[in-house]
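Please have the sequence and the three-dimensional view open side by side while you read this note. It is written for someone meeting such a structure early in their studies, and the points can be checked one at a time.

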Amino acid sequence: MEKIAFYNFADEHGIKYLEHEELSKHTSFKIGGAAEIFAKPENAEQVSAIAEFCGENKIPLLPLGKGSNVLISDNGISGIVMHFGSGFGKIKLLDDETIYCEAGTSLAALCNFALENGLTGLEFAYGIPGSVGGAVFMNAGAYGGEIKDVIVYADHVDKNGKTGRFTGEELAMSYRHSVYSNKEYFITGAAFKLQKGEKTEIKAKMDDLLGRRFDKQPMDKPSAGSTFKRPEGAFASALIDQCGLKGYRVGGAEVSTKHAGFVVNVGGATCADVLQLIKDIQEKVKNETGFFIEPEVEILG
């Protein structure tokens, strides 16, 4: 990549960036090599400019939010990683029951904003350690709720830098999937339609679901959340447990002893460790149960 051209471009558009930023600092797995360039846009106009620049110069461009559902290569990422962080996290009310927030907003911040405004419908998302952009991208869900239940529309920038919006059925949301899963767009924000509720009841439900999450999941160790998608007719965690894989380890990567559906970083795990562990799990589950379990975590680089 011609870095001088990028430096001049970034300075012209007021875009903040870092060189050779360790991505392990920006993922919940605490795994990943360095980004060649780590760009930090703070508005949709800057996202559009970056996308257009990368398209014209044939530079690889990868979006990253809170990094809660990704496994990044030990070799890092070439080109530009476009980080949707706290500077891209504005939230506002569009009307009494509709919230709009930027893609870098954490789900925790969104849920707390809904609580403050007495709005119910997002409690299921409290405790999911991701950003709004990532949640829309994969139609995140938990405890019987999914993003598709509450989303009205999502705004985006395409690979040519043009802005757009998908609404309703255009979002094509299904289990851990959306129209954005093909990576042709960069999500910049989304609107959610909720309902009026009692703050005390909303808070009680949020606390209950968060408590359940801490009781059943290995929240004390770095992970990318649930490692595998649910296969039709079964549950990945039950299949892995059935195969006696709890505690099975490759290097610093381990099948959680608390919840078999989670691969955790018990210290110094590499991407290679996790990939080998995933492969071992898949082979054993397939051989012993007949089910093939597909990773839910997105593997990058």
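The numbered points below go through two sheets, a pair of helices, the cysteines and two glutamates.

1. A word on the source comes before anything else: what you are looking at is a predicted model, and the points that follow should be read as descriptions of that model.

2. Begin with the sheet that contains β1, in which four strands are arranged in the order β1-β2-β5-β3, forming an open sheet with mixed pairing. Its edge strands are β1, covering 16-22, and β3, covering 61-64, and each of these pairs on one side only. From one strand to the next, the twist averages 30°.

3. The mixed character of this sheet can be followed pair by pair. Strands β1 and β2 run in the antiparallel sense and are joined over six bridges, with E21 having A35 as its bridge partner in β2. Strands β2 and β5, by contrast, pair in the parallel sense over four bridges, and here I37 stands opposite I80 of β5. The pairing of β3 with β5 (residues 77-83) is also in the parallel sense, again over four bridges, and L64 has H83 of β5 as its bridge partner.

4. Is strand β2 largely enclosed or largely open? Five of its seven residues are buried, and β2 is therefore largely enclosed by the rest of the structure. Helix α1, made of residues 3-13, lies across β1, β2 and β5, and its direction is at about 140° to that of β1.

5. A second open sheet also has four strands, in the order β15-β18-β17-β16, and its pairing is antiparallel. The edge strands here are β15 (223-226) and β16 (249-250), each of which pairs on one side only. Within the sheet, β17 (residues 253-255) and β18 (residues 262-265) are paired in the antiparallel sense over three bridges, and V255 is found opposite V263 of β18. Helix α7 packs on this sheet, where it touches β16, β17 and β18, and its direction makes about 30° with that of β17.

6. Turning to helix packing, a reader may recall that two packed helices are described by the angle between their axes and the distance between the axes. For α3 (residues 107-116) and α5 (residues 199-216), the axes come within 9 Å and cross at roughly 155°. Since angles over 145 degrees count as roughly antiparallel, that crossing makes α3 roughly antiparallel to α5. Helix α3 contributes C111, N112, L115 and E116 to the contact, while α5 contributes K199, I202, K203 and M206. Sorted by class, the contact includes four nonpolar, one polar and three charged residues.

7. Which residues of α3 are buried? They are L107, L110, C111, F113, A114 and L115, and they pack against several elements, namely β6 (91-95), β7 (98-102), β8 (119-120), α4 (132-138), β13 (185-193) and α5. Just after this helix comes G118, which takes a positive phi of about 65°.

8. The cysteines deserve a separate check, and a search of the whole structure finds zero disulfides. C101 is in no disulfide, and the nearest cysteine sulfur, which belongs to C111, is 9.7 Å away. Why is there no bond from C111 to the closest cysteine sulfur? The distance of 9.7 Å to the sulfur of C101 is too far for a bond, given that a disulfide is a pair of cysteine sulfur atoms within 2.5 Å. C101 is buried, with a relative accessible area of 0%, and C111 is also buried, at 2%.

9. Two glutamates, which count as charged, are worth locating in the view. E102 is found in strand β7 and is buried, with a relative accessible area of 14%. Apart from neighbours within four places in sequence, E102 is in contact with G87, F88, G89, K90, V132, T188 and G189.

10. E296 lies in the loop between α7 (271-289) and β19 (298-300). Its relative accessibility is 14%, and E296 therefore counts as buried, the cut-off for that word being under 20%. Beyond its neighbours within four places in sequence, E296 is in contact with N69, M138, Y175, R176, S226, T227, F228 and K229.

How values were computed. Residues numbered from 1 in each chain as written. Predicted model: local features only at pLDDT ≥ 70, side-chain atom pairs only at ≥ 80, totals over all residues. Heavy atoms only, no water. Axes fitted to C-alpha atoms, helices over the stretch in contact; angles between N-to-C directions. Helix = DSSP H or I, 4+ residues; strand = E, 2+ residues; numbered from the N terminus. Parallel < 35°, antiparallel > 145°, perpendicular 65-115°, else oblique. Contact = heavy atoms within 4.5 Å. Pairing = 2+ DSSP bridges. Buried < 20%, exposed > 50% of the residue type's maximum accessible area, 1.4 Å probe, protein only.
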